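The following exercises ask the reader to work from a set of atomic coordinates to a description of helix packing and backbone geometry. Please inspect the sequence and the structure before turning to the solutions.

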Amino acid sequence: MFGRTQGLSLLPIFLVSWSSATFIVSYLIAIYRNDVDVIFPYISDTSATPPESCIFGLMTFITACAGTATVYARFKYVEKMNEGTNVVASRVNKAALVLGLLSCLGMVLSFPISCFQETAVIVAHDVGARSLLCAWDPLQSSSRLSYRSRPIPSGSSIVICRARLGFAIISTLAFFPTLICAFLAKVSLHRHKDDQDYPFHIASAVCEWIVSFSFIFFFYTYIDEFKLFNLRGTITWEKSEKFMTPNTSEEAVHR
């Protein structure tokens, strides 16, 4: 276990574990309180009413922060790895960063952390949900980065590249049924098999869970690469008479 927490590898481990727990905990609480149906409710349905909405909101916010940190760390890793080689175009790396950050933002907007609960502010919830479900786009970008970085000694292995491509394909295939069937199903926390739109609800909900967990477990493939590096910030004092002392002879740089 200690070998798996070298470098920044603890970051994707925490992200995958915490985000999975977020979905499962809210689902179990909602089932216990009979707030949703047992068979494939929407993820957002499991957080539509208190107290699970409060717990889910807090845990989702932490997940979004961890996701943002992971996406940025991956961006800096590829940037450093690409120095002097230019195997990976800078614009491709930046595009993956922006798309990843937008997905993390969608995670916050689509779930109740910003009080945009599905049953309260449907429009805001739907906008955020579409942003999160577009996670397949940054997955594709990151998969492309992985294949392009293979010639670099510290690049991704072929097994990791194929695993990421697999998650990206699964997420892509599940994305469109989620979106289309969601428009054909009405908003309701409890469903009945006799409902006319029940098949659309089940198809949409199942695909939503697939997209979400494909996005989550995609980050699990970062663990080995994140063992290879650390990020450190630097604070640089600019030369200024206001802050200079008689004993200061040069710029002070603190790590």
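Each exercise below consists of a task and a stepwise solution, and the model is a predicted one.

**Exercise 1. The chain as a whole**

Task: Determine how many helices and strands the protein chain has, and in which pattern they follow one another along the sequence.

Solution.
- Step 1. Counting the elements gives 8 helices and 2 strands for the protein chain.
- Step 2. Their order along the sequence is α-α-α-α-α-α-α-α-β-β.
- Step 3. The chain has 255 residues, and 42% of them count as buried.
- Step 4. Among the contacts with a separation of 6 or more, 72% are between residues 24 or more positions apart.
- Step 5. The accessible surface amounts to about 13800 Å², and carbon and sulfur atoms hold 65% of this area.

**Exercise 2. The pair H6 and H7**

Task: Describe how helix H6 (residues 158–184) and helix H7 (residues 198–218) are arranged, starting from the angle between their axes.

Solution.
- Step 1. Two packed helices are described by the angle between their axes and the distance between the axes.
- Step 2. For H6 and H7 the axes come within 7 Å, and the crossing angle is roughly 150°.
- Step 3. Angles over 145 degrees count as roughly antiparallel, and therefore H6 is roughly antiparallel to H7.
- Step 4. The crossing of these two helices, H6 and H7, is left-handed.
- Step 5. On the H6 side the contact includes Arg164, Phe167, Ile170, Phe175 and Cys181, while the H7 side includes Phe200, Cys207, Glu208, Val211 and Phe218.
- Step 6. Sorted by class, the contact of H6 with H7 comprises 15 nonpolar, 4 polar and 2 charged residues.

**Exercise 3. The pair H1 and H7**

Task: Establish the relative orientation of helix H1 (residues 10–32) and H7, and identify which residues make their contact.

Solution.
- Step 1. The axes of H1 and H7 are 9 Å apart and form an angle of about 155°.
- Step 2. H1 and H7 are therefore roughly antiparallel to each other.
- Step 3. The crossing of H1 with H7 is left-handed.
- Step 4. From H1, the contact draws on Val16, Ser19, Ser20, Phe23 and Tyr27; from H7, on Trp209, Ser212, Phe213, Ile216 and Phe217.
- Step 5. The class count for H1 with H7 is 7 nonpolar, 3 polar and no charged residues.

**Exercise 4. The pair H1 and H2**

Task: Carry out the corresponding analysis for H1 and H2, stating at what angle their axes cross.

Solution.
- Step 1. The axes of H1 and H2 come within 9 Å, with a crossing angle of roughly 160°.
- Step 2. H1 and H2 are therefore roughly antiparallel to each other.
- Step 3. The crossing of H1 and H2 is left-handed.
- Step 4. Residues of H1 that take part include Leu11, Phe14, Trp18, Val25 and Ile29, and those of H2 include Glu52, Ile55, Met59, Ala66 and Ala73.
- Step 5. By class, the contact of H1 with H2 divides into 16 nonpolar, 7 polar and 1 charged residues.

**Exercise 5. The loop between H1 and H2**

Task: Identify which residues join in a cis peptide bond, and state whether Asn34 is buried or exposed.

Solution.
- Step 1. The cis peptide bond joins Pro50 and Pro51, with omega of about 5°.
- Step 2. Pro51 belongs to the loop between H1 and helix H2 (52–81).
- Step 3. With a relative accessible area of 37%, Pro51 is partly exposed.
- Step 4. The C-alpha atoms of Pro51 and Ile29 are 8.4 Å apart in space, and the two residues are 22 residues apart in sequence.
- Step 5. Asn34 lies in the loop between H1 and H2 and has a positive phi of about 60°, although it is not a glycine.
- Step 6. Exposed means over 50% relative accessible area, so Asn34, at 56%, counts as exposed.
- Step 7. Phe40, found in the loop between H1 and H2, is not a glycine and yet has a positive phi of about 40°.
- Step 8. Phe40 has a relative accessibility of 39% and counts as partly exposed.

**Exercise 6. A residue of H6**

Task: Classify Leu173 as buried or exposed.

Solution.
- Step 1. Leu173 is located in helix H6.
- Step 2. Its relative accessible area is 63%, so Leu173 is exposed.
- Step 3. Leu173 and Val211 are 38 residues apart in sequence, and their C-alpha atoms are 8.7 Å apart in space.

Methods. Residues numbered from 1 in each chain as written. Predicted model: local features only at pLDDT ≥ 70, side-chain atom pairs only at ≥ 80, totals over all residues. Heavy atoms only, no water. Helix = DSSP H or I, 4+ residues; strand = E, 2+ residues; numbered from the N terminus. Buried < 20%, exposed > 50% of the residue type's maximum accessible area, 1.4 Å probe, protein only. Contact = heavy atoms within 4.5 Å. Areas by Shrake-Rupley, 256 points an atom, 1.4 Å probe, with all protein chains shown as cover. Axes fitted to C-alpha atoms, helices over the stretch in contact; angles between N-to-C directions. Parallel < 35°, antiparallel > 145°, perpendicular 65-115°, else oblique. Left-handed = near helix turned anticlockwise from the far one by under 90°. Nonpolar A, V, L, I, M, F, W, Y, C, P; charged D, E, K, R; others polar.
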